[in-house]
Amino acid sequence: MAQVLVVDDDATVREVVVSYLRAHSHDVREAGDGEEALRLQREDPSDLVVLDIMLPGIDGLEVLRRLRAGERPDVPVVMLTALGAEVDRVAGLELGADDYVSKPFSPRELALRVGSVLRLAEPSAPARGPVTDGDLVVDPDRRAATRGGVDLGLTVREFDLLHFLVTHPGTAHTRDQLLEQVWGWTFGDHSTVTVHVRRLREKVEDDAARPVRLATVWGVGYRWESA
């Protein structure tokens with residue numbers, strides 16, 4: 001049973017989300033603001049955080065920033081954003097959110113997204129062994145990647161995107177294909193892929209502005225070039 005922390009200042013939204021997640025066999029805690037969320041996560045870290053962006057005091061983006069700089073920076077985070085608020089979605093993804101759901105949302109969709117992210121965060125079985133590409137080692141069993149022996153500190157989605165790319169080198173993938181293969185979505189916002197690619201480049205390239213490994217294929221999408 002996974003422990004999920006739901007952070008939203010709207011008590012009605014929290015009640016609905018908490019009830020639905022508990023019905024899906026999750027152990028759920030709740031917080032009404034950013035300070036309370038950070039305190040709960042410090043005292044007893046949850047396995048996943050459902051985080052609203054619009055919070056009183058410390059907003060959701062600042063909470064996410066502090067979570068990513070905390071003792072467990074890889075905790076999966078699903079953001080709740082206003083419908084059509086692309087700026088907020090991109091900002092959340094830039095800070096390392098693993099997924100997002102736009103308000104107003106279906107509680108069932110949110111529960112499915114939470115379940116999907118939690119499954120991805122679990123160690124894989126059976127063991128598949130690490131994939132090595134030059135100084136890069138991607139280990140699906142540990143769900144960790146290192147470059148030159150230094151841990152890259154990837155989020156859940158960053159790891160899955162990197163693992164998919166390094167295991168399919170030399171093939172150009174469209175953003176739609178990556179959304180389906182990595183996120184499990186049959187449709188979605190292409191900015192989700194674009195932002196995750198940008199974050200990955202900052203971690204695996206010598207110069208993210210001039211990518212060599214994670215190349216752009218103009219008019220198509222992206223291709224991984226083996227070292």
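Here are some exercises with worked solutions on a predicted model.

**Exercise 1. Helix α1 from end to end**

Task: Work out how the span of α1 compares with the expected one, and describe what sits at each end of the helix.

Solution:
- Step 1. Begin with the extent: α1 covers residues 11-23, which makes 13 residues.
- Step 2. Go from the first C-alpha to the last. The helix reaches 18 Å, close to the 18 Å expected at 1.5 Å a residue.
- Step 3. Look at the N-terminal end. Asp10 caps α1 there, with a side-chain oxygen 2.9 Å from the backbone nitrogen of Thr12.
- Step 4. Move to the residue that follows. Ser25 comes after α1 and has a positive phi, near 70°. Ser25 is not a glycine, and its place is in the loop between α1 and β2. With a relative accessible area of 48%, Ser25 is partly exposed.

**Exercise 2. The two sides of α1**

Task: Find which residues of α1 are buried, and say what covers them.

Solution:
- Step 1. Apply the cut-off for burial, under 20% relative accessible area. The buried residues of α1 are Arg14, Val17, Val18 and Leu21.
- Step 2. View these residues down the helix axis. They fall within an arc of 100°, so they line one face of α1.
- Step 3. Turn to the other side of the helix, where Thr12, Glu15 and Ala23 are exposed.
- Step 4. Identify the cover. The elements over the buried residues of α1 include β1 (3-7), β2 (27-31) and α5 (107-121).

**Exercise 3. Salt bridges within and between elements**

Task: For the pairs Arg14 with Glu30, Arg65 with Glu62 and Asp99 with Arg157, decide what each salt bridge connects.

Solution:
- Step 1. Recall the principle: side chains of opposite charge can pair when their charged atoms come close. In this model the count comes to 20 salt bridges.
- Step 2. Take Arg14, which we met on the buried face of α1. Its salt bridge with Glu30 has its closest N and O atoms 2.9 Å apart. Arg14 belongs to helix α1 and Glu30 to strand β2, so this pair ties together parts that are 16 residues apart in sequence. Arg14 counts as buried at 15% relative accessibility, while Glu30, at 34%, counts as partly exposed.
- Step 3. Take Arg65 and Glu62, whose side chains meet at 2.4 Å, N to O. Both lie in helix α3 (residues 60-68), 3 residues apart, and are thus separated by about one helical turn. Arg65 is partly exposed at 40%, and Glu62 is partly exposed at 24%.
- Step 4. Take Asp99 and Arg157, whose side chains form a salt bridge at 3.1 Å, N to O. Asp99 lies in strand β5 (residues 99-103) and Arg157 in helix α6 (residues 156-166), so the pair ties together parts that are 58 residues apart in sequence. Asp99 is buried, with a relative accessible area of 0%, and Arg157 also counts as buried at 0%.
- Step 5. Extend the picture. Asp99 and Arg157 belong to a network of salt bridges that also links Glu109 and Arg113.

**Exercise 4. Domains and their contact**

Task: State where the domains run and how many residues each brings to the contact.

Solution:
- Step 1. Read the bounds: the domain assignment gives domain 1 (3-120) and domain 2 (131-224).
- Step 2. Place them in space. Their C-alpha centres lie 24 Å apart.
- Step 3. Count the residues in contact: 18 come from domain 1 and 16 from domain 2.

**Exercise 5. Backbone details in the loops**

Task: Locate Pro104, Arg143 and Gly149, and describe each one.

Solution:
- Step 1. Pro104 lies in the loop between β5 and α5. The peptide bond that leads from Lys103 to Pro104 is cis, with omega near -5°.
- Step 2. Arg143 lies in the loop between β7 (136-139) and β8. Although Arg143 is not a glycine, it has a positive phi of about 50°. At 21% relative accessibility, Arg143 counts as partly exposed.
- Step 3. Gly149 has its place in the loop between β8 (144-147) and β9 (150-151), and counts as exposed at 65% relative accessibility. From C-alpha to C-alpha, Gly149 and Met54 are 38 Å apart in space, with their positions 95 residues apart in sequence numbering.

Notes: Residues numbered from 1 in each chain as written. Predicted model: local features only at pLDDT ≥ 70, side-chain atom pairs only at ≥ 80, totals over all residues. Heavy atoms only, no water. Helix = DSSP H or I, 4+ residues; strand = E, 2+ residues; numbered from the N terminus. Expected span 1.5 Å × (residues − 1). Buried < 20%, exposed > 50% of the residue type's maximum accessible area, 1.4 Å probe, protein only. Arc of directions from axis to C-beta. Contact = heavy atoms within 4.5 Å. Polar contact = N/O pair within 3.5 Å; in protein donor to acceptor, adjacent residues only side chain to side chain. Salt bridge = Lys/Arg side-chain N within 4 Å of Asp/Glu carboxyl O. Domains from an automatic or database assignment.
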